[in-house]
Amino acid sequence: MMMMMNEAKQFDKANVRLTKQMYESKLLDMDKQIVSSIQTQVVETSRALELLKSSYADILGINENFQQIDDKCLQCQKYLSQFDQIKKLSLARNNLHITNKIGRLFREVPKKAKQLLTLLHDNPDKYLFYVYKNLRKLVKLRDETLSKGLQYMKNEEDEMKNHFKLIDSVAFSLEQEIRFNIADALVLAVDQPEILVETLKICESEDRGTKKTSKILCYSRQDWSKWREKEQEQKDQEAQDEEVRAPPSSEDTMRDKVKAEILSGILGLTERLQHEKEQGIKAFLTAIDDHMKDLDIVNEQLRITFPPSYAIVPYYVSYYYKFLQPLILAQLSSENVPTQERLFVVAWIAKFKLSVRDLEKQMLKYGDSLEAYSQAMILNLSDQEEALLDSYMKTCRD
């Protein structure tokens with residue numbers, strides 16, 4: 001029993017010793033943490049005090065500088081008894097500088113306009129939109145100068161307007177170039193679509209303006225028609241130069257003029273078909289097949305170059321069918337087709353109807369439909385086909 005009590009006492013002493021060692025170790029760790037924390041706070045506080053001291057010195061320096069500025073300004077105003085007059089003189093000097101700048105621009109207008117005209121004549125494909133952008137700047141300068149300057153130069157009005165004469169020549173040549181590109185749209189859509197895109201970008205920019213004064217290409221559809229006629233007549237350059245004049249105030253938008261030019265191109269195709277008709281039925285039908293290939297170009301290539309708002313594919317195809325259909329029906333009547341060629345014509349009609357249906361399917365891929373025009377064309381051709389067969393059979397029986 002005594003031995004067990006001795007062993008218990010020894011066990012309690014060992015536990016007390018271990019517990020004491022554990023608490024002493026924790027106490028040392030806490031002392032280290034406290035020392036480290038105090039050192040960190042002392043360092044950060046010292047740094048903050050240094051920054052505060054430096055900032056205070058800087059603020060004092062800035063305040064002294066502002067005070068010096070105020071003192072010097074007051075001294076300047078005391079020394080300059082005519083301060084208001086000097087202020088007016090400074091303002092006048094700035095106005096004179098601006099006036100000289102405007103005067104320099106005014107004198108350079110003919111030179112800049114001539115440069116644009118040269119670029120337009122030498123390489124219109126490359127500089128078309130560049131010429132348009134810079135022409136807008138010249139027109140704006142001219143309009144502002146004339147609106148504000150003529151009241152001070154009433155006796156020199158003609159001289160001032162003559163000073164800007166070349167601007168009208170640039171606008172004239174630019175719009176003629178645009179018309180030429182639109183007239184050649186099918187070729188450009190295949191070979192040089194970027195030129196057609198640049199051309200139509202100018203047209204969109206013109207139509208985007210909300211005021212008449214924002215337009216710089218102001219010729220009318222009638223003017224475009226006259227240029228087209230002169231081009232067909234192959235007038236010399238001198239005759240075109242006489243045409244140059246300040247553009248009238250036309251209500252026609254560029255889209256109106258573009259669509260009118262497209263329509264004139266379609267009419268031109270039908271006129272050429274009239275000529276092919278004189279060469280014989282086979283030449284006539286071959287020409288129609290070639291023009292149907294043009295409609296594929298319209299649907300695929302021309303579509304992606306024109307702005308969606310123009311709806312150029314339905315416009316082009318609908319008018320093409322409108323003018324082509326009576327011409328085909330008249331030429332393929334049983335009275336006009338020789339008996340030996342009637343079976344050939346019947347076969348051609350069947351093939352042509354397939355082309356019309358195929359074009360309608362291709363247009364539907366883009367969300368366009370001219371089903372009414374296509375069905376009318378196919379129905380009338382079917383009637384013509386049946387009449388030709390009946391006529392051929394009757395002739396054979398006779």
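This report describes the fold, the core, one helix pair and a few buried residues of a predicted model.

Local features are taken from this predicted model where pLDDT is at least 70, side-chain atom pairs count only at pLDDT 80 or more, and totals for chains, interfaces and linings use all residues. Residues are numbered from 1 along each chain as its sequence is written, and side-chain values use heavy atoms, with hydrogens and water left out.

**Overall fold**

The protein contains 14 helices and zero strands, where helices (H or I, at least four residues) and strands (E, at least two) are DSSP runs numbered from the N terminus. Of its 398 residues, 32% are buried, a term that means under 20% relative accessible area, against over 50% for exposed and partly exposed in between (1.4 Å probe, protein chains only). Taking contact as heavy atoms within 4.5 Å, 79% of the contacts between residues at least 6 apart in sequence join residues at least 24 apart.

**Core and helix packing**

A nonpolar core is a set of buried Ala, Val, Leu, Ile, Met, Phe, Trp, Tyr and Cys residues joined through side-chain atoms within 4.5 Å; the largest one has 78 residues, and those with the most contacts inside it are I178, L196, I262, I288, F306, Y321 and F352. Helix 12 (residues 312-331) gives the most to this core, with ten residues. Leaving aside neighbours within four places in sequence, Y321 is in contact with residues including M292, L295, V356, L359 and Y373.

Helix 10 and helix 12 pack with their axes 10 Å apart and at an angle of about 25°, the axes being lines fitted to C-alpha atoms over the stretch in contact, and angles running from 0 to 180 degrees between N-to-C directions. Helix 10 is therefore roughly parallel to helix 12, since angles under 35 degrees count as such. Among the residues that meet across this pair are I262, L263 and I266 in helix 10, and Y319, Y320 and F323 in helix 12.

**Buried residues and cysteines**

Three residues that count as buried are compared by relative accessibility below.

| Residue | Relative accessibility |
|---|---|
| K257 | 1% |
| C203 | 0% |
| C218 | 14% |

K257 lies in helix 10 (residues 254-277), and, leaving aside its neighbours within four places in sequence, it is in contact with E175, L217, C218, Y219, S220, R221, W224 and D252. A search of the whole structure finds zero disulfides, a disulfide being a pair of cysteine sulfur atoms within 2.5 Å.

Notes. Angles under 35 degrees count as roughly parallel, over 145 as roughly antiparallel, 65 to 115 as roughly perpendicular and the rest as oblique.
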